2 protein chains.
Amino acid sequence: MVAVSRDELAFAFAVLAAVLALAWAAWSAARLVRHPPGDRRMAMVAGAIAEGASAFLSRAYGSVALFVAVLAGLLLLAGRLGHPGLGPATALAFVAGAAASLASGYAGMRVATCANVRTAEAARRGLGPALRIAFAGGGVLGFTVAGLGLGGMALLLLAYGNPAAPASVDSVSGFALGASTVALFARVGGGIFTKGADVGADLVGKIESALPEDDARNPAAIADNVGDNVGDVAGMGADLFESYVGALVAALAIGAAGGAGRPELILPLLLCAVGIGSAWAGCLLVQATAAADPAGALRRGMLVTGALFVAGAWWAAGVLYGSARDFGAVALGLLLALVIGWLTERATGGGRPPVVAVAKAAGSGPAVAVIEGLALGMASVVLPAAAAALAILGAHALAGLYGVALAAVGMLAPTAMVLAVDGYGPIADNAGGIAEMAGLPPDVRERTDRLDAVGNTTAAVGKGIAIGSAALTALALFAAYAAEAHLRAIDLLEPSVVAGALVGASVPFLFSAAALRAVGRTAFELVAEVRRQFAARPAILRGGARPDYGRCVDISTRAALREMRLPGVLAVGLPLLTGLVFGRAAVAGLLAGALLGGVALALQMANAGGAMDNAKKYIEAGAFGGKGTPAHAAAVTADTVGDPLKDTAGPALNILIKLMSIVALVFVPLFRR
Amino acid sequence: MVAVSRDELAFAFAVLAAVLALAWAAWSAARLVRHPPGDRRMAMVAGAIAEGASAFLSRAYGSVALFVAVLAGLLLLAGRLGHPGLGPATALAFVAGAAASLASGYAGMRVATCANVRTAEAARRGLGPALRIAFAGGGVLGFTVAGLGLGGMALLLLAYGNPAAPASVDSVSGFALGASTVALFARVGGGIFTKGADVGADLVGKIESALPEDDARNPAAIADNVGDNVGDVAGMGADLFESYVGALVAALAIGAAGGAGRPELILPLLLCAVGIGSAWAGCLLVQATAAADPAGALRRGMLVTGALFVAGAWWAAGVLYGSARDFGAVALGLLLALVIGWLTERATGGGRPPVVAVAKAAGSGPAVAVIEGLALGMASVVLPAAAAALAILGAHALAGLYGVALAAVGMLAPTAMVLAVDGYGPIADNAGGIAEMAGLPPDVRERTDRLDAVGNTTAAVGKGIAIGSAALTALALFAAYAAEAHLRAIDLLEPSVVAGALVGASVPFLFSAAALRAVGRTAFELVAEVRRQFAARPAILRGGARPDYGRCVDISTRAALREMRLPGVLAVGLPLLTGLVFGRAAVAGLLAGALLGGVALALQMANAGGAMDNAKKYIEAGAFGGKGTPAHAAAVTADTVGDPLKDTAGPALNILIKLMSIVALVFVPLFRR
């Protein structure tokens, strides 16, 4: 009998979990497709959405391919010039990371565009069946992301020799760079697309032509629904994929730099495996109990996943690897996600005092509502930041910088469940759009709207994890960068660090500005196209002619991809340039500044936008006079301001801070000392 | 014959310059009062404004006294408990700093409320005479600030023994704490007052009752004009007084900590003396040439002051103290002020492309205009930040951390001129208000409006100096804190530094939120009072009864002072609490985070607000359809959003970052190691 070491067992377990996650995703998808897709009109609308989403993704992937080719070339060139740690191995890992992220985004989006119409059809029968389908769609995305992320990392570690040999970590970080690069296109490009289409469709449809939301006569209506899929499904998936892989790479790099033995390198993989198992159990529970109590099912599923993960992490870290301190760091990460989610819900949840204050301010006009919303977002930054600060202090006290990386892993290990919950929102949204455009009875639309509302609290946890994990991952990558750069301290009294930090803190502002303006320009182009179609074929408005949906999708796609060139070059180019010109310490300052400014600004924008959205809904539900009053009009204006803040610029910052860190980590051999 | 050393000569020169500055301010004020104050109606309006401003300041000073007493008690108590560097000497310096700032704010405000009506009267004759009076009013503020700041510092150094003995620096830093405390009340409280009154007067006057701006029937009209004096005159003066004194203290503390000899300690004082002389020459030139070419006079005055200061600084640092490197750092500070001013003008100046873009966006409604304005502000952060980063790198390369402090001194030494230019804007504004309320011919109002426009470029330089000097001063104080705390490095890899920085970066957001909400609440109370007066005495609206202006001023005053309690306690309490609980390194992180987040956010808000203001004016000048169009209404909404951003929250951050740093510097003996 051959003796199997603890590390080999753990590694095998991780590979097995990854394979099972992918198998489960495939099986779920196959089962999902067998649900009835509804009548012919529904199929037509759904087909147009699926086609548009595919068109966006394939064109986006074309742009990604170019970007990936350039960076891969740079990696190969640097390797040939003799920079240690760069070269074919890193380039290959980079391409693999990009491919894995692309594949999971594509799978998630494909399934989402199947699930939307089936959710609409199931909503005829009730809330429970609809929730089960929408949730299953989100689950496919979640398990694909987790399976490809964990499996990819494990395979690379195997391929590059000893899975725990420190020498291989340099190359493996290329995998995270690939994930980041795709996330840039999927999340930022998708965010521009989704809000550009949304704002454009609203401006020309609702305001100019008095069409209701999701009216089939609006040529931009399909583009609007495509946006939900490319931004909120594929984009969100790529965002968490980046965090997931980034946290793993950071833990490995810090562990390797500490000259640690195998535990530091294998434990994170094992934790991710535990996360996949816990998420699977939680998802089964949601599916089993959704029919009886849809709202409770989601909450219970999250709780069970969390509890199982804590128990499993105790087994993995505390028992198998014998470190209660490591377990503590992992648990702190999970706790932080819950706290940030709870704070987010308290600050922006429907009917909460801050949201009521915004709704009340709308009574004094749009400007006062916007100011109150912006102020609310600003005020909401400090508590999550303080919670993160305490978690970092705790994790560091328990296990040093490695503990911070473990906290990030702990937050991200149950990613599959988070994405299942997060993904079902846009699917339900889409189902509502299809119900509207295909002329289903109004109670179907009511149910899909309630589906959205059901998951509000759980969605807040998802948002908390997206921002919180971006912050922790970026911080862990920052520490990994310092280790790889052989910087013993990053001293804020050094001028290059301070100068880097000053510029770094301004980068999130610049990036947000670019994202916001991109939304505006995309919306303008869409408006012009819709006006052109109405003018050329007046029958469209009477319902007598089918609008050319495809052109609107095409225009939004082109605009979104064009508009993200500048931010993309900025996020990748700035750390590179700073490193080449001002050296390693300046890059460290740049990353620190971007992290500090980015986290605060991202929280502000996400919460301001969320609260303005809910304030509008609060008034629409009848408060302060309800629909049709000047207060409602003011709230709609505030919501229009808040929308791109929360759905484009805010999430874009998650990507920015991670991408800058990973670029620095990978390319550090090129930087001046 | 007694030999006089170089240091004694320089010190005597500094004292002499301070005395001359004060004498010049007194003489200017006396001459200003002799100008004709206009007819009886003008005197009545001006009297009400002066009375209101005095009422605000005396009540604010009451609150300050309480705050000062508490902090002074804390200093004395800490001294009795045996903490070195704290005790009666520090407490006395603290009270002296507060008194000096109060005195300069009071003097500036008193003169401004004399100058406004005389400017209106002079505007009957032409632009030149009006400019001369308004500018002289600003000059009184400027020379009082510079004279009391430099004189106070010099006297304290003398009083506490050897003017250059390192031991005395600890106590002298109390002077800067006093200045900061008053600045908090004057700038933040004044900012809340001024925008609360402005928004309140507009909401109830222009929108509800269709009264024009500055109509005598509006009970809030006087409060609105009082706001210009307490916020933009006294508040701006206190802001720059704080920077001026803070930069000196930082240079002294860094010089002393480096164990340097006298030059490091005396040179900054001498530079301030040179600054006073150059400002004086510049002011004389403006007065002499204002009649012929008002717009050019201001520009030439600034240029001459700058050129003379550079020459004088070369004599002082390069020749007398023999350090070309020190001179270089000083010159970099001045250059940075000009660059930031130029960038500000480019980003927010009337008719500039970014402003036109906001105006154009207004054509698509208020939400799009607000988004474009916010994005513009965000995009405008990076270039000034990069310029500051380069200046810091340069100054540090030339003269270490002391060089950074010297750059701050170089930026601030010509403060008298900056305040003269900056103070004349609100005086001209007030003159316009008086002209309107007293029923002067319309061409008088036109001239006062043009007066405002004339100084736009120079005012941008003033704004650049306010933010830039706050950043440099806070950074220099940060370095001084590290020296006093015996922190050899402030290492971002240490968890307490990172945790402190995360919280620190969120503090400016929280502070801004408090300021914005305070404006809203103040405005609401004012609106309620005006409605009450209209309802109780309908004759007011017909012009048949005099409104109770005093009550409106009183309500705004109470509200503003009540609303600033929380931010005040936050700014002082947070560094104290962090130091007591988490120790010195965590405070360093907190300060760094606040500085990084604060500078970026302050620039964003100032520039977003400035651009939205100018976009509205651009449309009012006839672009995109001009007044009365939906585009104009959208631009007005955007301007209402931008106003509290640029006039309350943005300037408040200047105070926040300096105050937190100086609190940390003074109280460091109490902090855990």
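Leaving aside neighbours within four places in sequence, with which residues is A515(B) in contact? The legends below take up this question together with other close-up views of the predicted model.

Residues are numbered from 1 along each chain as its sequence is written, chains are lettered from A and ligands numbered from 1 in the order in which they are written. Because the model is predicted, local features need pLDDT of at least 70 and side-chain atom pairs count only at pLDDT 80 or more, whereas totals for chains, interfaces and linings use all residues.

**Figure 1. Surroundings of A515(B) in helix α16 of chain B.** Helices are DSSP runs (H or I, at least four residues) numbered from the N terminus. Leaving aside neighbours within four places in sequence, A515(B) is in contact with V188(B), G191(B), I192(B), P567(B), T648(B), A649(B) and A652(B); two residues are in contact if their C-beta atoms, placed from the backbone, lie within 7 Å. A515(B) counts as buried because it has 29 C-beta neighbours inside 10 Å. A residue is buried if 20 or more other C-beta atoms lie within 10 Å of its own, exposed if 12 or fewer, and partly exposed in between, with C-beta atoms placed from the backbone. Between the C-alpha atoms of A515(B) and G312(B), 203 residues apart in sequence, the distance is 40 Å.

**Figure 2. Surroundings of P508(B) in helix α16 (residues 495-536) of chain B.** P508(B) has 30 C-beta neighbours inside 10 Å and therefore counts as buried. Its contacts, leaving aside neighbours within four places in sequence, are A594(B), G597(B), G598(B), L601(B), L653(B) and L656(B). The C-alpha atoms of P508(B) and A602(B) are separated by 8.5 Å, although these residues are 94 residues apart along the chain.

**Figure 3. The nonpolar core around A476(B).** A nonpolar core is a set of buried Ala, Val, Leu, Ile, Met, Phe, Trp, Tyr and Cys residues joined through C-beta atoms within 7 Å. The largest such core has 603 residues, of which A476(A) and A476(B) touch the most other members. Beyond its neighbours within four places in sequence, A476(B) is in contact with A247(B), A250(B), A251(B), I254(B), V404(B), A405(B) and A408(B).

**Figure 4. The contact between chain A and chain B.** In chain A, 59 residues are in contact with 59 residues of chain B. On the side of chain A that touches chain B, at least two residues each come from α11 (366-379), α12 (382-412), α15 (456-484), α16 (495-536), α20 (584-620) and α21 (630-667). The most is given by α16(A), with 17 residues. By class, the residues on this side of chain A are 45 nonpolar, 11 polar and 3 charged; Ala, Val, Leu, Ile, Met, Phe, Trp, Tyr, Cys and Pro count as nonpolar, Asp, Glu, Lys and Arg as charged, and the others, Gly among them, as polar.

**Figure 5. The rotation axis relating the two chains.** A turn of 180 degrees and a shift of 0.0 Å along the axis lay chain A on chain B with an RMSD of 0.0 Å, the copies being superposed by least squares on the C-alpha atoms of residues with pLDDT of at least 70 in both. That is the relation of a two-fold axis. The same surface serves both copies, as 100% of the contact residues of chain A recur in chain B. Of the residues of chain A, D491(A) comes closest to the rotation axis, its C-alpha atom lying at 2.3 Å.

**Figure 6. Helix α19 (residues 565-582) of chain A.** The 18 residues of this helix should span 26 Å at 1.5 Å a residue, and its end C-alpha atoms are 24 Å apart, which agrees; the expected span is 1.5 Å times one less than the number of residues. A kink of about 35 degrees lies at G573(A), shortly before the proline P575(A). The bend at a residue is the angle between axes fitted to the seven residues ending there and the seven starting there. Buried residues of α19(A) include P567(A), V572(A), L574(A), P575(A) and F582(A). After α19(A) comes G583(A), with a positive phi near 95 degrees.

**Figure 7. F624(A) in the loop between α20 and α21 of chain A.** Phi of F624(A) is near 50 degrees, a positive value in a residue other than glycine. F624(A) counts as partly exposed because it has 19 C-beta neighbours inside 10 Å.
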